[in-house]
Amino acid sequence: MTNSMLKLEHLIDIKSLETSEIEAIAKRALEIKNGAKHLSCAGKHAALMFFENSTRTKFSFEMALNKLGASVYNFETSKSSLSKGEDFFDTLNNLAAIGFDACIIRTGEEGLIKRTIKETEDSRKFFKNIALINAGEGVSAHPTQALLDFVTIKENFKNLNGLNLVIVGDIRHSRVAKSNIELLSRFGVNIKCAAPEYFKDETLKNVVWCENLNEALKDADIVMTLRIQKERIQDIIEFEDYIKNFQVNENNLPDGCILMHPGPVNRDVELSSALIDSKRGKTILNQAHNGVFTRMAVLEAILGGCDV
């Protein structure tokens, strides 16, 4: 079975996906992981436009594209016409004219991808259709991370309905947390967020807030810790206080639950090194592993191709 029945024009965020599309992407990712024949995207051209640093997302997208046979190009901002003041729309329109089929974009600018798509629909059409794929935007959306997390959870649990997820850490600045909450709440997952006051975002729906980590971890099936994002924090955070009250370690992680982290990890801050290096820390590496197959499934749906 191939993913040829699922067609996506863009990937903006989790909200833009139907629940059936999320399920189809996860199913296809696991099929590919288990050896199913994938589509060929030979003859397709994709630009990686990363305006923020990345390891896992950038390289797994690049590997996914290579596995599918597409041609990959790394967009260097400092050497592009954007550095000369060119409008982002004009840059993308010229990439479309050159012959690109997709741009995979990571940006700190909130809403850039959705605004650009709306601009093409309202007034200035692209030279030709070009897909925009969100590889992490602002503090609100990281759809492929949530999708690969969904795949990882499905590998560990047959039924997600009624599972207890605890997200620990910098919720306010985390696009990963927001995309996961949007996705997993659709599947009946109970979500608690454990964070100090300065990391809370009480505008979020479908979550219960906890300031006591041990209380939050009771009955947890999944614990997802988040990196403290020093580059997004203006005020000084008392790391010793955070470690004392919110670090997940071998002493407080409940038996039987799985441990997740989107990476990169600040060792001995949000997670103890002993826990990261233990057998239970291997799920974090499996998330990175699943990122390739999940992004292959997304790219199949967007770039299409032919059976190989």
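I started with β6 and strand β9 (residues 222-225), and found them paired in the parallel sense over 4 bridges. Worth jotting down straight away: this is a predicted model.

**Around β6 and β9**

I wanted to see who faces whom in this pair. Val-166 stands opposite Val-223 in β9, and Leu-165 stands opposite Ile-222 in β9.

Next I looked at the cover on β9. Are its faces buried or exposed? Ile-222 and Met-224 on one side are buried, and so are Val-223 and Thr-225 on the other, which leaves both faces of β9 covered.

I then checked β6 itself, which spans residues 164-168. This strand is mostly covered too, with 4 of its 5 residues buried.

β6 has another partner, strand β7 (residues 190-194), and I counted 5 bridges there, again in the parallel sense. Val-166 turns up once more, standing opposite Lys-192 in β7.

On to β10: I found 3 bridges joining β9 to it, and the two strands run parallel. Met-224 of β9 stands opposite Met-260 in β10.

**The sheet these strands belong to**

In what order do the strands lie? I read β8-β7-β6-β9-β10, an open sheet of 5 strands with parallel pairing. At the edges I have β8 (208-210) and β10 (258-260), each pairing on one side only. Neighbouring strands in this sheet are turned by 20 degrees against each other on average, direction ignored.

A reminder to myself: strands of a sheet pair through backbone hydrogen bonds, either parallel or antiparallel.

**Another sheet**

I moved on to an open sheet of 4 strands, in the order β3-β2-β4-β5 and with parallel pairing. Its edge strands are β3 (71-74) and β5 (131-137), and each pairs on one side only. For the turn between neighbouring strands here I noted an average of 20 degrees, direction ignored.

I picked out one pair for a closer look. Strand β2 (residues 45-50) pairs with β3 in the parallel sense over 4 bridges, and Leu-48 stands opposite Asn-74 in β3.

What lies across this sheet? I found helix α3 (residues 88-98) across β2, β4 (102-107) and β5, running at about 155 degrees to β2.

**Helices against α10**

Helix α10 covers residues 282-303, and its axis comes within 8 Å of that of helix α2 (residues 56-68). The two axes cross at roughly 55 degrees. That angle is neither under 35 nor between 65 and 115 degrees, so α2 and α10 are oblique to each other. I noted a right-handed crossing where α2 passes α10.

Who meets whom? On the α2 side I listed residues including Phe-61, Met-63 and Leu-65, and on the α10 side residues including Val-292, Met-296 and Leu-299. The residues of the contact of α2 with α10 divide into 10 nonpolar, 3 polar and 4 charged.

Then I tried helix α5 (residues 143-156), which packs with α10 at an angle of about 115 degrees, the axes 8 Å apart. The crossing of α5 and α10 is right-handed. The residues making the contact include Gln-145, Asp-149 and Thr-152 of α5, along with Asn-286, Asn-290 and Thr-294 of α10. By class, I have 4 nonpolar, 9 polar and 3 charged residues for the contact of α5 with α10.

One residue caught my eye on both lists: Arg-295 of α10 is in the contact with α2 and in the contact with α5. Gly-291 of α10 likewise appears in the contact with α2 and in the one with α5.

Notes
Residues are numbered from 1 along each chain as its sequence is written. This is a predicted model: local features need pLDDT of at least 70, side-chain atom pairs count only at pLDDT 80 or more; totals for chains, interfaces and linings use all residues. Side-chain values use heavy atoms; hydrogens and water are left out. Two strands pair if DSSP finds at least two bridges between them. Axes are lines fitted to C-alpha atoms, for helices over the stretch in contact, and angles run from 0 to 180 degrees between N-to-C directions. Contact means heavy atoms within 4.5 Å. Angles under 35 degrees count as roughly parallel, over 145 as roughly antiparallel, 65 to 115 as roughly perpendicular and the rest as oblique. A crossing is left-handed if the near helix is turned anticlockwise from the far one by less than a right angle, and right-handed if clockwise. Ala, Val, Leu, Ile, Met, Phe, Trp, Tyr, Cys and Pro count as nonpolar, Asp, Glu, Lys and Arg as charged, and the others, Gly among them, as polar. Buried means under 20% relative accessible area, exposed over 50%, partly exposed in between (1.4 Å probe, protein chains only).
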